[in-house]
Structures are given as C-alpha cells and as structure tokens.
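Student: Please choose a part of this structure and look at it closely. I am new to it, so go step by step and explain each term as it comes up.

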Amino acid sequence: MSDAKYSLVVAMLLAGGLVGALSASYVSDRFGRRLSLFGTAVLMGLGSVIMTFATTASMLMAGRFISGLGVGIVTVVVPPYIAECVPKSSRGFFGALTQLSIVIGILVAQVVGMAWSTLAAWRSILAIGIVLAIAQLLLLPFCVDSPRHLASIPGGLNSAKASLLRLRGPPIELVEAEVNEWRSEGRADDDDQQHVATAQPERQKVNALRFLTSPQYRRPLGIILLVQLTQQFSGINAVIFYSTSIMSAVFPQSSDRITVYISIVNLIMTGVSAYLMDRAGRRTLFLVSAASMAAMSLLLGWSIEAAGQDKVSAAAIIGFVAAFAIGLGPIPFLILPELVDTPAVSSAGSVGLASNMVSNFVVSAGFLGLRDIIGQGGVFYLFGCILIIMFALAWWILPETKGRSADEVIRSNWALYPPQHYQPVRSLGATSPEP
C-alpha cells in the first residue's frame with residue numbers, strides 16, 4: 001500500500017466522524033439517547049466486520065468510514081446522556097469517567113497492538129471492535145433513556161419519572177421533587193423571557209443551523225468553540241508525536257514502550273481529574289491545565305533547541321500530558337451539556353465535535369510543514385503562546401458550572417460564578433399542578 005493510499009485509509013475515520021458529528025443532533029433528538037447508542041453499536045460493529053475481513057484498501061476505507069460514523073455520533077450523544085442521568089452534585093465525576101474510559105481504551109489498544117501487530121495476527125486487533133459492539137448491544141437494554149430528554153418531548157413526563165425512578169430508586173417523592181425542580185427552572189426561564197424550559201413538552205428541538213445563527217446561543221457557542229479549539233491547538237497531538245523520539249533518547253532500553261508509558265501517565269492523571277472535577281470545579285481545572293501546558297510547551301521548545309537537554313524534554317512531555325489529562329482532556333465535552341438547555345444540547349454537541357475534528361485535521365495536516373518553516377522548538381513556542389491566549393480568553397468568559405444546572409448557568413447569563421444574590425430554583429413539591 002502506497003503512503004498516499006495509507007493516509008487516505010487513516011483519514012476515512014475522521015471523515016466518517018465528521019459526518020456522524022453533524023448528523024448526531026438529529027439522530028439523538030429524533031430517536032433519543034439510548035436508541036441512538038444502539039445505532040452506533042451497529043455502525044461500529046459493521047465497520048469492524050468489514051475491516052477485519054477486508055481484502056482491499058477500499059474495504060478498509062469503507063470500514064473505517066462506517067466506524068467513524070458511529071464514533072462521531074457516540075461522542076456527541078454520551079456526554080449529555082450521562083449529564084442528564086446523574087445527580088447534579090456528581091455530574092463532573094461521571095462526566096470525567098467518559099474521558100477515563102477513552103484513555104483506558106487507548107492504553108489497551110496500544111498494549112494489544114504491541115503483541116498482535118504481525119502479519120498473522122493484525123486482523124485480531126480489528127476483531128476486538130466486533131466484540132465491543134456486541135457487548136454494547138447486550139448491555140444497553142439494561143440502561144434507561146435520559147429522563148431529562150424524555151421530559152422535554154411531548155407527553156414524556158410520566159416516562160421521565162419512570163426512568164428517573166429506575167436511576168434513583170425509591171422513594172418516589174424524591175423523584176417527584178427532582179422532576180418538579182426541572183419544571184420550576186423552566187418556569188423561571190419563561191418568567192425571565194430569556195430562555196425556554198428544558199422540561200416543557202411543547203419545546204421544539206434546536207437544530208445545528210439555529211444554534212449557530214441564533215443570538216440566544218451566541219455566548220455558549222463562543223464558550224464551546226473556545227474549549228474545543230483550545231484542546232486541539234494546545235499541540236497535544238504534536239507532543240505525542242515527538243514523545244517517542246525524545247523519550248527514547250532518555251530511556252533507550254524502553255523505546256518500544258514509550259507510548260504505553262505516556263498513556264499510563266494520562267490514565268493516572270485522568271483519574272485524578274475525575275476526583276477533582278466536582279471539588280475544584282471545571283473553570284479552575286481548565287485554567288490550571290492550560291497554564292501548566294503553556295509552561296511545559298515553552299520549556300519543551302527551549303529544551304529541543306538547547307543541546308543535551310533530553311531529560312528536560314522528557315520531563316516537559318510528562319508534565320504536558322499530565323496537565324492535559326486534568327483539564328483540557330475531559331472538560332471540553334463534559335462542560336458542553338452544562339451550558340445549554342436540553343433542546344439545544346445535541347446540536348451544541350454536534351457543533352463542538354465538528355469544530356474539534358476540523359481543528360484536529362488542521363493541526364495534523366499543518367504540523368510538519370510548520371516545523372520545517374520555524375523549526376521543532378519554534379512549533380512548541382507557538383503552541384505555548386496559543387495556550388496563553390486561550391487561557392486569557394477562558395479567564396474572561398468561561399463560567400464555573402460545578403453544582404449549577406444548565407438552567408441556572410443560562411439565567412445568570414453565563415456569569416463566571418453564581419451571583420451572590422442568586423438563589424437556586426426550589427422544587428415546587430407536591431403542590432405543583434400537573435401540566
């Protein structure tokens with residue numbers, strides 16, 4: 001296989017992911033979160049089957065494109081699905097588990113790849129995708145659909161209560177109180193005449209075009225683009241690209257396991273992030289992450305240009321990856337459903353993932369050419385400067401969403417912190433009339 005054809009095979013997953021991301025808002029709102037995940041399991045399983053038994057490069061391309069469709073949709077659907085199912089006080093922890101699962105998957109894939117990357121066994125690596133898709137299809141029937149999503153569709157209030165009861169368990173009074181709180185938040189939005197309730201049946205879904213063009217969503221759109229672009233323009237993929245060559249000079253006996261060691265660091269720090277997410281908060285972790293990565297990027301640029309600083313480069317890479325894992329890794333998708341109301345969350349996810357994939361492509365396609373122009377060290381100086389700029393923008397506009405519902409964040413006009421005079425909406429209790 002030629003280099004050009006190989007590059008095309010690799011790119012097909014990104015192409016499928018972009019199409020999947022752009023269609024995810026319609027799929028998620030039309031069929032619901034859980035049913036959408038059934039569809040993604042079928043897509044990823046079918047793509048894995050085609051790749052496992054592929055006899056031509058075209059079959060590999062088709063398999064990767066189909067798998068990419070599933071990846072794009074599942075990446076949009078899962079963060080709001082989790083956020084809509086878990087209690088507000090634990091949303092950060094469970095949201096960070098999504099990133100932790102991704103990191104575990106990367107680590108397992110690297111270990112399996114080291115063992116099975118041979119002419120005799122390479123198809124077995126691809127067959128793992130079939131096993132995972134079957135497992136997802138078998139386990140999803142035990143999951144509930146998003147109660148918050150059910151409450152936002154016509155006639156879905158009773159289904160939402162039944163779903164929430166399965167998640168929270170008895171007594172039913174607590175379930176009623178939580179549902180009534182959603183309705184209270186919705187009524188407060190109506191009274192403010194700024195945003196409409198997430199739990200009102202008559203609400204229409206917000207498509208991606210409306211989300212991009214409506215003044216109502218201009219502020220959250222800017223925040224979503226900021227966190228997504230910061231993740232990719234931080235240079236994380238470039239650092240991983242250089243990690244093997246730099247770390248091999250420091251640890252020559254372990255050169256074939258460098259990427260695994262980097263992934264272990266990523267895994268440990270992502271676990272730390274999950275612990276801190278509901279304690280330190282999203283805004284704090286994002287700012288600490290961006291500032292630390294900027295410092296490590298500048299240090300890496302200097303150490304690459306200086307002679308005999310391989311150990312400093314290795315330390316900078318480890319520090320960079322660790323800083324990424326506590327903030328810029330999990331937060332861009334975790335915070336997304338905390339910024340917009342339920343009818344708009346799928347479209348916001350589609351826009352967010354699409355911008356993430358496009359910026360990923362720009363960095364990947366332009367990195368080598370930029371390195372040839374300004375040098376290896378210069379590239380990381382540039383990434384460091386970008387991170388400093390993004391840090392300043394985030395300091396200015398990124399709200400703290402810890403312990404706040406999306407409705408509370410919206411009604412505060414995306415204030416950095418809850419206003420001191422602001423009182424969260426109280427449940428209407430059992431006296432609240434049924435709609």
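Tutor: The sulfur of C85 is 8.5 Å from the closest cysteine sulfur, which belongs to C143, and that is too far for a bond. Seen from the other side, the sulfur of C143 has C85 as its closest cysteine partner, at 8.5 Å, again too far for a bond. A disulfide here means a pair of cysteine sulfur atoms within 2.5 Å, and a search of the whole structure finds zero of them. The model is predicted: local features need pLDDT of at least 70, side-chain atom pairs count only at pLDDT 80 or more, and totals for chains, interfaces and linings use all residues. Residues are numbered from 1 along each chain as its sequence is written, and side-chain values use heavy atoms, with hydrogens and water left out.

The two cysteines can also be described by their accessibility. C85 counts as buried because its relative accessibility is 10%, where buried means under 20% relative accessible area, exposed over 50%, and partly exposed in between (1.4 Å probe, protein chains only). C143 has a relative accessible area of 28%, so C143 is partly exposed. Over the protein as a whole, 49% of the 435 residues count as buried.

The part I have chosen for the close look is the surroundings of N356. N356 sits in helix α16, which covers residues 342–374. Helices (H or I, at least four residues) and strands (E, at least two) are DSSP runs, numbered from the N terminus, and the protein has 18 helices and zero strands. N356 counts as buried because its relative accessibility is 7%.

Which residues does N356 touch, leaving aside its neighbours within four places in sequence? They are Q228, Q231, Q232 and F333, with contact meaning heavy atoms within 4.5 Å. One of these partners, Q231, is 125 residues from N356 along the chain, yet the C-alpha atoms of N356 and Q231 are separated by 7.8 Å. Contacts between residues well apart in sequence can be counted for the protein too: of those with a separation of 6 or more, 76% are between residues 24 or more positions apart.

Two of the partners of N356 are also joined to its side chain by polar contacts. One, of 3.0 Å, links the side chains of N356 and Q232. The other, of 2.8 Å, links the side chains of Q228 and N356. A polar contact is a pair of N or O atoms within 3.5 Å; within protein, one must be able to donate a hydrogen and the other to accept it, and residues adjacent in sequence count only if both atoms are side-chain atoms.

Now take the same place from the side of Q228. Q228 belongs to helix α10, residues 218–233. With a relative accessible area of 0%, Q228 is buried. Besides N356, Q228 touches P332, F333, L336, G352, S355 and S359, again not counting residues up to four places away in sequence. F333 therefore appears in the contact list of N356 and in that of Q228.

S163 offers another buried polar side chain to look at. S163 lies in helix α7, residues 157–168, and is buried, with a relative accessible area of 6%. Residues up to four places away aside, S163 touches V144, D145, S146, P147 and L150.

Following the chain on from α7 leads to a point of backbone geometry. A cis peptide bond joins P170 and P171, with omega about 10°. P171 is placed in the loop between α7 and α8, the latter being residues 172–192. Most residues other than glycine have a negative phi, and most peptide bonds are trans.

Two residues in the segment after α18 (406–411) concern phi. N413 is in that segment and has a positive phi of about 60° although it is not a glycine. W414 is found there as well, and its phi, near 55°, is also positive. N413 is partly exposed, with a relative accessible area of 47%, whereas W414 is buried, with a relative accessible area of 3%.
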